[in-house]
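I opened this model to see how its chain is put together. My notes follow in the order I looked things up.

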Amino acid sequence: MAALGVDLRDAAMRERVEALQWTTAQDLLRVGATAIIEWGTWGRDERDALRVQARKPGASAELVHLELPPDELRRRIRARGAEDPPITRSDLDTWVRAFQSPDDAEMRLYDRGYRGP
C-alpha cells in the first residue's frame, strides 16, 4: 500500500487491497499453487473464513502464529522506521488488546499449525 502512495491506515483501501490479494490467492490455489496470506488476521472468524475458502479447491491450510511481547513489537517497529504516520505505543496497546490469539483448539483445525516466538 505504501508503494501505491496509500495511507496504511485507510481501512477501506486496505479492505479493497486484501480482497484483491485474496482473489489472486484463490486463483493460485485452484491451479495447485501455494498462496500465503501474510496480512494480520486478527480474529478467529477471519481466520476461519480464509481456512474454509482455501480448502474448497482442495488446498491444505496452515497457520503460523508468532506472538511477541508488546515491548519487542514496539522495538521492531521503531527499528524498521517505515510507518508514516509512526505507530504510537497507544496504537500498539490498542491493537494488542484487539487481537484474538489462536488457542490450541483452533490450531488443531489446520493441516499444520505452528506457534512460536
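**Entry 1. Contacts along the chain.** I began with contacts between residues at least 6 apart in sequence. Of these, 59% join residues at least 24 apart. I note here that the model is predicted.

**Entry 2. Chain totals.** I looked up the secondary structure and got five helices and two strands. Read from the N terminus, the order is α-α-β-α-α-α-β. I then took the box around the C-alpha atoms. Along the principal axes it comes to roughly 40 × 35 × 20 Å. For the accessible surface I got about 8,300 Å². Carbon and sulfur atoms account for 53% of that surface. I also checked burial: 26% of the 117 residues count as buried.

**Entry 3. H1 and H2.** Next I went to the pair formed by H1 (residues 11–30) and H2 (residues 44–55). At what angle do the axes of H1 and H2 cross? I read roughly 30 degrees, and the axes come within 10 Å. The cut-off for roughly parallel is under 35 degrees, so H1 counts as roughly parallel to H2. I listed the residues that meet. H1 brings Glu18, Trp22, Gln26 and Leu29. H2 brings Glu46, Leu50, Gln53 and Ala54. By class, I get four nonpolar, two polar and two charged residues in this contact.

**Entry 4. Trp22.** I stayed on H1 and picked Trp22, which lies in that helix. Is Trp22 buried or exposed? Its relative accessibility is 14%, and the limit for buried is under 20%, so Trp22 counts as buried. I then asked which residues Trp22 touches, leaving out those up to four places away in sequence. I found Ile37, Trp39, Leu50, Gln53 and Ala54. Among them, Leu50, Gln53 and Ala54 are also on the H2 side of the helix contact. I took one distance too. From Trp22 to Asp48 I get 14 Å, C-alpha to C-alpha, with their positions 26 residues apart in sequence.

**Entry 5. Gly58.** I moved on past H2. Gly58 sits in the loop between H2 and strand S1 (62–66). Its relative accessible area is 61%; exposed means over 50%, so Gly58 is exposed. I also looked up Arg30, which is 28 residues from Gly58 along the chain. Their C-alpha atoms are separated by 7.9 Å.

**Entry 6. H3 and H4.** I turned to the pair H3 (residues 70–80) and H4 (residues 89–98). Their axes come within 11 Å and cross at roughly 135 degrees. H3 and H4 are therefore oblique to each other. I checked the hand of the crossing: right-handed. Which residues meet here? From H3 I list Pro70, Asp71, Leu73, Arg74 and Ile77. From H4 I list Arg89, Leu92 and Val96. The split is five nonpolar, no polar and three charged.

**Entry 7. Val96.** I closed with Val96, in helix H4. I read a relative accessible area of 36%, between the 20% and 50% limits, so Val96 is partly exposed. Leaving aside neighbours within four places in sequence, I find Val96 in contact with Pro70 and Leu73. Both of these residues are in H3. Last, I took the distance from Val96 to Val64. They are 32 residues apart in sequence and 17 Å apart in space, C-alpha to C-alpha.

Technical notes
Residues numbered from 1 in each chain as written. Predicted model: local features only at pLDDT ≥ 70, side-chain atom pairs only at ≥ 80, totals over all residues. Heavy atoms only, no water. Axes fitted to C-alpha atoms, helices over the stretch in contact; angles between N-to-C directions. Helix = DSSP H or I, 4+ residues; strand = E, 2+ residues; numbered from the N terminus. Parallel < 35°, antiparallel > 145°, perpendicular 65-115°, else oblique. Left-handed = near helix turned anticlockwise from the far one by under 90°. Contact = heavy atoms within 4.5 Å. Nonpolar A, V, L, I, M, F, W, Y, C, P; charged D, E, K, R; others polar. Buried < 20%, exposed > 50% of the residue type's maximum accessible area, 1.4 Å probe, protein only. Areas by Shrake-Rupley, 256 points an atom, 1.4 Å probe, with all protein chains shown as cover.
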